[in-house]
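Thanks for coming, everyone. Let me put the structure up, and then we will walk through its contacts.

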Protein chains: 2
Amino acid sequence: MARLTNIDSFFSPRSVAIVGASNKKGSIGNVIFKNFVETAFEGTVYPVTLSYDTVLDHTAYKSVRDLPELVDLAVIAIPAPAVNTVMRECVDIGVPACVVITGGFSEIGENEREEELKSIIRGSDTRVIGPNCVGVYDRRTRVDTIFLPEERMGRPNNGPISLVSQSGAFVAAMLDWASLNGIGMDKVVSFGNKIDVNYSDLIMFLAEDENVEVITIYMEGLSKGKMFMEATAAASLKTPVVIFKSGRSKAGAAAAASHTGSLAGSDAIYDAAFRQAGAIRVYSSEELFDVARIFQCKKAPAGTRVAIITDGGGSGVMATDALEDGDLTLAPLDEATKSAMEEKFPPYCSVKNPIDLTGDADATRYDVALEEVLNDDNVDAVLLIMLFQVPTLGDEVVGHVISHSRRSDKPIIVVSSGGKYTKERVRELEEGGLVCYPTPERGVRALSALCHYHAYRRKKGKKG
Amino acid sequence: MARLTNIDSFFSPRSVAIVGASNKKGSIGNVIFKNFVETAFEGTVYPVTLSYDTVLDHTAYKSVRDLPELVDLAVIAIPAPAVNTVMRECVDIGVPACVVITGGFSEIGENEREEELKSIIRGSDTRVIGPNCVGVYDRRTRVDTIFLPEERMGRPNNGPISLVSQSGAFVAAMLDWASLNGIGMDKVVSFGNKIDVNYSDLIMFLAEDENVEVITIYMEGLSKGKMFMEATAAASLKTPVVIFKSGRSKAGAAAAASHTGSLAGSDAIYDAAFRQAGAIRVYSSEELFDVARIFQCKKAPAGTRVAIITDGGGSGVMATDALEDGDLTLAPLDEATKSAMEEKFPPYCSVKNPIDLTGDADATRYDVALEEVLNDDNVDAVLLIMLFQVPTLGDEVVGHVISHSRRSDKPIIVVSSGGKYTKERVRELEEGGLVCYPTPERGVRALSALCHYHAYRRKKGKKG
């Protein structure tokens with residue numbers, strides 16, 4: 001069974017000890033200490049170190065035993081030979097949560113040291129993330145144990161996407177990328193050698209968290225398959241779980257074994273297990289975030305019938321191809337829907353799905369088409385392609401789309417390919433709650449995940 | 001047979017007539033005229049219009065017959081009913097090339113008008129791009145018949161990638177996107193109803209053009225399959241041809257028929273034909289440019305054995321999976337290569353392919369690894385993953401990579417995922433001639449195209 005004991009202390013500690021806090025600029029203990037004291041972290045932070053009397057003007061303590069209170073979280077960033085001593089102290093005084101940043105355990109063959117660490121926490125309520133990890137990032141509470149300085153790795157704003165990964169490098173690259181692209185994240189964990197807190201614990205915990213709307217996972221392999229299946233199946237009924245599993249190929253599995261010691265197992269087995277547990281599987285980091293982002297539309301399509309509206313016929317054809325790849329169907333529009341559009345559009349527009357408003361489309365055509373298809377009972381979702389290069393397409397179309405999206409319980413997913421002008425319109429649409437993609441293929445892939453996730457939930461008897 | 005007569009006049013005219021040039025701001029005839037007179041276009045430009053005596057201070061002429069010289073190119077942007085009269089005049093006086101922007105032909109059922117246009121040019125040497133198109137964009141010569149204003153559609157700088165597409169909206173979106181992303185393009189054509197100049201003509205022409213290093217194509221269907229095959233097979237021996245063919249699915253094919261009247265035919269037939277002709281098939285606009293860009297590395301890998309070097313083990317696993325998808329193999333490193341690295345690296349680095357320099361990698365480790373694998377006869381190409389979030393990785397690694405790339409005839413393809421700092425390093429690498437991708441999957445996909453293209457050329461007996 002997944003174990004939730006004290007997991008919340010990793011994300012919402014009222015007090016934190018940084019063991020190994022340092023005044024040496026750029027050092028691991030310096031970067032982590034600064035992450036807490038130079039941000040809006042609201043709890044108390046204590047430096048614990050043998051080397052200094054004060055760290056950045058905070059009184060330092062020689063040991064966690066000397067602290068004026070029992071801290072909720074200890075972050076341990078000291079040389080490997082000293083880690084187990086400190087961990088023993090933490091367990092003794094009852095620190096609920098420890099992040100062990102330090103490497104130098106089983107990943108370099110120091111199995112004895114790691115076994116000792118395991119035995120220290122065994123039977124206690126002290127939970128451990130790590131060792132050999134970058135740890136925890138929570139923008140809401142400002143817990144940030146990542147030792148990479150801001151100038152190398154941007155920190156994304158708060159948002160609904162959480163991420164769990166064994167690999168620290170993956171977490172660092174994704175946080176950095178998300179910060180550049182304005183994608184909000186909440187509760188990001190890399191647990192390295194994962195001697196205690198594992199995928200299952202975090203999936204269970206994150207599924208119950210009201211700030212987390214989607215759980216994304218990078219994994220190379222699993223040791224406790226049954227526990228993972230149970231946790232994921234339970235979580236999926238509440239929160240979508242999107243998994244990027246690598247080590248698919250034979251050579252990839254061998255590389256994974258050498259990287260994280262993961263026994264990859266047959267890829268077909270993972271595939272079946274993910275499907276059975278209601279998880280959504282993706283095949284690249286780009287797809288991981290494309291799919292994660294779509295759940296921000298917060299709508300549950302009732303089926304897989306999609307209406308495509310476009311001002312570029314070619315993009316309509318591409319999107320139609322992608323529907324088939326994503327196991328979605330072109331919605332068979334009601335005759336009344338088609339006639340209503342036919343009456344209002346020039347004769348060269350196509351009112352058959354995919355609806356082609358053509359290269360002289362204006363905002364009114366989009367307004368009419370959205371009105372009609374959203375009211376059509378044969379339509380479960382709309383893929384709205386807007387190529388803003390078309391000069392007749394006035395900026396007011398953005399407002400039309402946002403208000404249709406607000407009034408309808410059917411998802412409207414936007415595809416817009418282009419440059420500077422397009423980017424500005426996309427930003428406005430996103431501020432209005434729309435989810436946007438740069439190509440038809442990526443938009444449809446995400447929409448497919450949304451539709452099939454809700455179909456799974458309906459099948460399991462839960463409301464969308 | 002593809003016909004090359006006068007195709008060069010579309011791209012390198014010494015004189016141009018803009019029929020329908022206008023003073024009305026934002027109108028089609030105004031935007032196009034400005035494209036020529038307000039840029040570095042070096043030839044003479046004449047406005048031809050019945051409505052004005054001067055257009056933007058240039059003396060206007062009533063007819064192409066009245067011009068002081070025979071122009072190389074006429075761009076026709078007047079109402080549809082007047083087009084054929086003007087075209088007759090162009091043929092009579094012997095204008096070599098005409099771009100007919102005007103729509104209102106077969107695409108709206110005006111088949112008679114289009115047949116008349118065809119009959120007017122039949123037997124003449126006057127070549128026509130269009131009607132119903134956005135025409136030609138050539139940044140080098142500043143021919144730009146695209147009627148979308150700069151504020152809606154950015155214009156990319158000059159570069160080695162050419163693009164041919166029936167769809168104008170696709171061309172507009174791609175030019176706009178390329179301009180935002182700093183991707184250089186040369187000789188871009190959208191030919192709309194393509195009554196004359198077609199895919200085959202342009203492929204043959206572009207393959208012989210020294211400024212064009214890769215031909216990209218968007219198509220929904222073909223009418224003259226045999227001619228296309230001949231042109232593409234001949235072109236592929238000199239210049240890579242990358243094709244994004246939509247209308248793959250049954251519903252997509254039906255949508256394509258309604259969009260451009262393309263008879264899509266069986267997708268398997270297209271697939272086999274492209275392969276036989278040496279063309280590279282892709283499945284999205286993103287992939288089209290990912291693959292096109294790789295040919296900028298200007299190296300011909302001798303085989304498909306790839307060495308992966310990474311500082312993030314996870315990315316190494318992802319790349320290894322992607323190799324299998326792309327029909328590439330992990331290079332079996334020579335024992336001497338591995339021992340040389342083993343001597344110089346800490347014991348926790350993995351010197352087996354994928355080579356993992358780990359999260360405390362520095363520039364020297366990259367330097368050593370590149371030196372060793374590039375000298376290994378078992379390696380045909382290098383996929384170099386650099387996660388710049390790692391603070392130990394100094395900026396000087398950029399210089400190391402550039403100098404290895406310059407000295408070796410094996411391609412080094414870079415993968416870097418991240419934010420602001422990463423983007424700056426990627427820009428430096430690109431300025432140094434490296435081709436970079438944001439994910440392992442996209443990098444490997446492009447590398448696969450490079451390797452298999454050169455394998456095709458070797459098979460056909462041409463040198464790489």
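Start with one pair. B:Arg442 and B:Asp290 make a salt bridge, with the closest N and O atoms 2.7 Å apart. By salt bridge I mean a side-chain nitrogen of Lys or Arg within 4 Å of a carboxyl oxygen of Asp or Glu. The two partners are distant in the chain: B:Arg442 sits in helix α16 (residues 440–459) of chain B, B:Asp290 in helix α10 of chain B, 152 residues apart. Helices here are DSSP runs of H or I, at least four residues, and strands are E runs of at least two, numbered from the N terminus. B:Arg442 and B:Asp290 are both buried. Buried is under 20% relative accessible area, exposed is over 50%, and partly exposed is in between, with a 1.4 Å probe and protein chains only.

That pair belongs to one network, joined by salt bridges that share partners. Its members are A:Glu286, A:Asp290, A:Arg293, A:Glu430, A:Arg442, B:Glu286, B:Asp290, B:Arg293, B:Glu430 and B:Arg442.

A word on the ground rules. This is a predicted model, where local features need pLDDT of at least 70 and side-chain atom pairs count only at pLDDT 80 or more, while totals for chains, interfaces and linings use all residues. Residues are numbered from 1 along each chain as its sequence is written, chains are lettered from A and ligands numbered from 1 in the order written, and side-chain values use heavy atoms, without hydrogens or water.

Back to the network. Which pair crosses between chains? B:Glu286 and A:Arg442 meet in a salt bridge, 2.6 Å from N to O. B:Glu286 lies in helix α10 (residues 285–294) of chain B and A:Arg442 in helix α16 (residues 440–459) of chain A, so this pair joins two chains. Both B:Glu286 and A:Arg442 are buried.

Now the interface as a whole. Chain B and chain A each put 66 residues into the contact, meaning heavy atoms within 4.5 Å. About 4600 Å² is buried between them, 61% of it from carbon and sulfur atoms. Buried area is the accessible area (1.4 Å probe) that two parts lose on being put together, summed over both. On the chain B side, B:Arg152, B:Asp321 and B:Gln389 lose the most area, together 16% of what that side buries. Across the interface there are 6 salt bridges. One joins A:Asp321 to B:Arg248, at 3.9 Å.

Next, the domains inside chain A. The assignment gives domain 1 (8–295) and domain 2 (298–459); such bounds come from an automatic or database assignment. Their centres, over C-alpha atoms, are 39 Å apart. In the contact, 21 residues of domain 1 meet 15 of domain 2. About 1500 Å² is buried between these domains, 54% of it from carbon and sulfur atoms. A:Arg293, A:Ile294 and A:Phe295 lose the most on the domain 1 side, together 40% of what that side buries.

How many salt bridges link the two domains of chain A? The count is 5. A:Lys298 pairs with A:Glu213, at 3.5 Å. A:Arg293 pairs with A:Glu430, at 3.8 Å. That second pair runs from helix α10 to helix α15 (residues 420–431) of chain A, 137 residues apart. A:Arg293 is buried at 12% relative accessible area, whereas A:Glu430 is partly exposed at 37%.

Last number: over all chains, the structure holds 68 salt bridges.
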